[in-house]
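Colleague: I have this model open and would love a close look at one part of it, taken slowly. Could you start with a pocket and then carry on to how the rest is put together?

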Amino acid sequence: MNCPDCGAENLEGAAYCEDCGSKLPVGTPGAAASPASAPPVVAPVQPVMTAGGTLRCGSCGAENAATEAYCEDCGASLGGGAAAVQAPDAGAAPVQAPVAAPPAVGSKLVLASSGKEFPLAKDVITIGRRSPADGIYPDVDLTDDDPESYISRRHGQVIKSGNQFVFEDVGSANGSFVNNARMAKGVQQPLKDGDQVRLGKTEMIFKA
């Protein structure tokens with residue numbers, strides 16, 4: 001059967017020309033194809049080179065020899081393998097995505113007894129014990145770390161001003177201490193790295 005577009009000879013019963021990919025007429029060999037039989041124009045789909053060295057058609061998924069210019073099943077262009085995308089090798093090690101560096105750790109209070117950390121990420125950080133009945137939920141919640149309840153619900157606060165942090169007792173029942181010096185209510189004490197902050201019997205270390 002001769003292709004009506006390029007004249008190349010094809011096997012009887014072939015649906016598409018092996019040279020140019022044009023759809024071959026179904027009727028009498030050598031007859032010109034009617035305009036209605038022309039294949040619809042579709043966007044080309046890139047073929048894929050498999051790990052076994054064959055070309056997988058991007059249109060129908062059929063595998064073809066690497067030297068084929070057109071798919072033997074649907075006639076889509078294969079580009080002779082030149083434009084094919086290499087399929088990933090099943091035995092190759094997976095490509096690892098770059099791991100972002102962890103963010104820098106900011107200032108924090110660290111419980112001396114357990115090493116538990118409380119980040120100081122706000123401008124005003126409240127410290128105390130939670131009381132759902134009173135609507136009190138401190139930023140540094142020491143409820144579980146103060147079983148004897150020496151810490152007041154609203155005990156103290158840490159205030160951030162630029163790169164400087166200060167501690168202030170807001171009227172606790174059992175007092176606040178910075179480096180063993182008792183703090184008067186409302187007095188702001190600047191904190192430096194390694195300072196000891198004690199609320200009742202609970203001791204914390206300030207880390208800048």
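**A pocket, a core and a sheet**

Modeller: Happy to! The second largest pocket holds about 220 Å³ of space; please keep in mind that this is a predicted model. Two stretches of sequence show up in the lining: Leu-11, Ala-14, Ala-15, Tyr-16, Cys-17 and Glu-18 are among the residues there, and so are Glu-68, Tyr-70, Cys-71, Glu-72, Asp-73 and Gly-75. By character, the lining divides into seven nonpolar residues, four charged and one polar.

Now for the nonpolar packing. The largest nonpolar core has 19 residues, and Leu-109, Ile-127, Leu-142, Val-158, Phe-167, Leu-199 and Met-204 are those with the most contacts inside it. The elements that give two or more residues to this core are β5 (108–111), β7 (124–128), β10 (164–169), β14 (196–199) and β15 (202–207). Another core, of seven residues, lies apart from it, and includes Met-49, Leu-55, Ala-62 and Ala-76.

Leu-109 is a good place to zoom in. Leaving aside neighbours within four places in sequence, Leu-109 is in contact with Lys-116, Glu-117, Phe-118, Leu-120, Ile-127, Val-158, Met-204, Ile-205 and Phe-206.

On to the strands. Six of them make an open sheet with antiparallel pairing, in the order β6-β5-β15-β14-β11-β12. At its edges are β6 (117–119) and β12 (181–182), each pairing on one side only. Moving inward, β5 and β15 run antiparallel and are joined by four bridges, with Val-110 opposite Ile-205 of β15. β15 is in turn joined to β14 by four bridges, again antiparallel, and here Leu-199 stands opposite Thr-202. The hairpin of β14 and β15 has two residues between the strands, and Gly-200 takes a positive phi near 60 degrees in it. On β14 there are also three antiparallel bridges to β11 (residues 176–178), where Ser-176 has Leu-199 as its bridge partner. Leu-199 therefore deserves a second look in your viewer: it is one of the residues with the most contacts inside the largest core.

Finally, β7 has pairings of its own. With β9 (residues 156–161) it pairs in the antiparallel sense over four bridges, and Val-124 stands opposite Ile-159. With β8 (residues 140–141) β7 runs parallel, joined by two bridges; there, Ile-127 has Val-140 as its bridge partner. Ile-127 is also on the contact list of Leu-109.

Conventions: Residues numbered from 1 in each chain as written. Predicted model: local features only at pLDDT ≥ 70, side-chain atom pairs only at ≥ 80, totals over all residues. Heavy atoms only, no water. Core = buried A, V, L, I, M, F, W, Y, C linked by side-chain atoms within 4.5 Å. Buried < 20%, exposed > 50% of the residue type's maximum accessible area, 1.4 Å probe, protein only. Contact = heavy atoms within 4.5 Å. 1 Å grid on protein atoms, 1.4 Å probe; cavity = no way out; pocket = protein on both sides within 12 Å on 5 of 7 lines; lining within 4 Å. Points joined across faces, edges and corners; volume = space filled by probe spheres on them. Nonpolar A, V, L, I, M, F, W, Y, C, P; charged D, E, K, R; others polar. Pairing = 2+ DSSP bridges.
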